Amino acid sequence: MSQRKLAAVLETGSRVSEHADAMALLFTELISDHISPEALTRLRPLAKSVVEAELTMAMDRLLASTAPPSGQAPSS
């Protein structure tokens with residue numbers, strides 16, 4: 001892997017980590033404010049499922065928005 005590619009991968013990893021921290025804060029605040037701080041451990045698997053589903057749907061939306069119209073071959 002070239003230095004430039006490695007730098008891009010590391011930068012992307014850092015950005016993903018920042019977004020994950022922000023999502024964790026949102027979930028933690030929501031659960032603590034409306035349920036109880038003790039519920040955090042119990043609801044962790046649900047939070048994981050929600051994040052996986054949202055990421056998958058976001059990727060689907062992105063792919064759909066960049067896909068060529070039906071019947072057209074993708075350009076290279």
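**Legends to close-up views of a two-helix protein**

**View 1. P45 at the surface of helix 2.** With a relative accessible area of 53%, P45 is exposed, because a residue counts as exposed when this value is over 50%. The residue belongs to helix 2 of a predicted model. P45 and L10 are separated by 35 residues in sequence, and their C-alpha atoms lie 27 Å apart in space.

**View 2. The overall fold, with two helices and zero strands.** The protein contains two helices and zero strands. Its radius of gyration is 18 Å, well over the 11 Å that the globule rule gives for 76 residues, so the protein is more spread out than a compact globule. Taken along the principal axes, the box filled by the C-alpha atoms is roughly 50 × 35 × 15 Å. Helix 1 covers residues 3–34 and helix 2 covers residues 39–66.

**View 3. The accessible surface of the protein.** The accessible surface comes to about 6,800 Å². Carbon and sulfur atoms account for 62% of this surface. Of the 76 residues in the protein, 5% are buried.

**View 4. The largest pocket, with about 280 Å³ of space****.** The lining of this pocket consists of T12, R15, V16, H19, M23, V50, V51, E54 and L55. Helix 1 and helix 2 are the elements that each give two or more residues to this lining. Which helix supplies the largest share of the lining? Helix 1 does, with five residues. By residue class, the lining of the largest pocket divides into five nonpolar, two polar and two charged residues. The charged residues are R15 and E54, and the polar residues are T12 and H19.

**View 5. The second largest pocket, with about 190 Å³ of space****.** Lining this pocket are A20, M23, A24, F27, T28, I31, L40, L43, R44, A47, K48 and V51. The elements that give two or more residues to the lining are again helix 1 and helix 2. How do the lining residues of the second largest pocket divide among nonpolar, polar and charged? Nine are nonpolar, one is polar and two are charged. M23 and V51 appear in the lining of the second largest pocket and also in that of the largest pocket.

**View 6. A20 of helix 1 and V51.** A20 lies in helix 1 and is one of the residues that line the second largest pocket. Is A20 exposed or partly exposed? Its relative accessibility is 34%, so A20 counts as partly exposed. V51 also lines the second largest pocket. Although 31 residues separate A20 and V51 in sequence, their C-alpha atoms are 9.1 Å apart in space.

**View 7. S14 of helix 1 and S36.** S14 is found in helix 1. This serine is partly exposed, since its relative accessible area is 34% and the partly exposed class runs between 20% and 50%. From S14 to S36 there are 22 residues in sequence and 30 Å in space, C-alpha to C-alpha.

Terms used: Residues numbered from 1 in each chain as written. Predicted model: local features only at pLDDT ≥ 70, side-chain atom pairs only at ≥ 80, totals over all residues. Heavy atoms only, no water. 1 Å grid on protein atoms, 1.4 Å probe; cavity = no way out; pocket = protein on both sides within 12 Å on 5 of 7 lines; lining within 4 Å. Points joined across faces, edges and corners; volume = space filled by probe spheres on them. Helix = DSSP H or I, 4+ residues; strand = E, 2+ residues; numbered from the N terminus. Rg over C-alpha atoms; globule rule 2.2 N^0.38 Å. Buried < 20%, exposed > 50% of the residue type's maximum accessible area, 1.4 Å probe, protein only. Areas by Shrake-Rupley, 256 points an atom, 1.4 Å probe, with all protein chains shown as cover.
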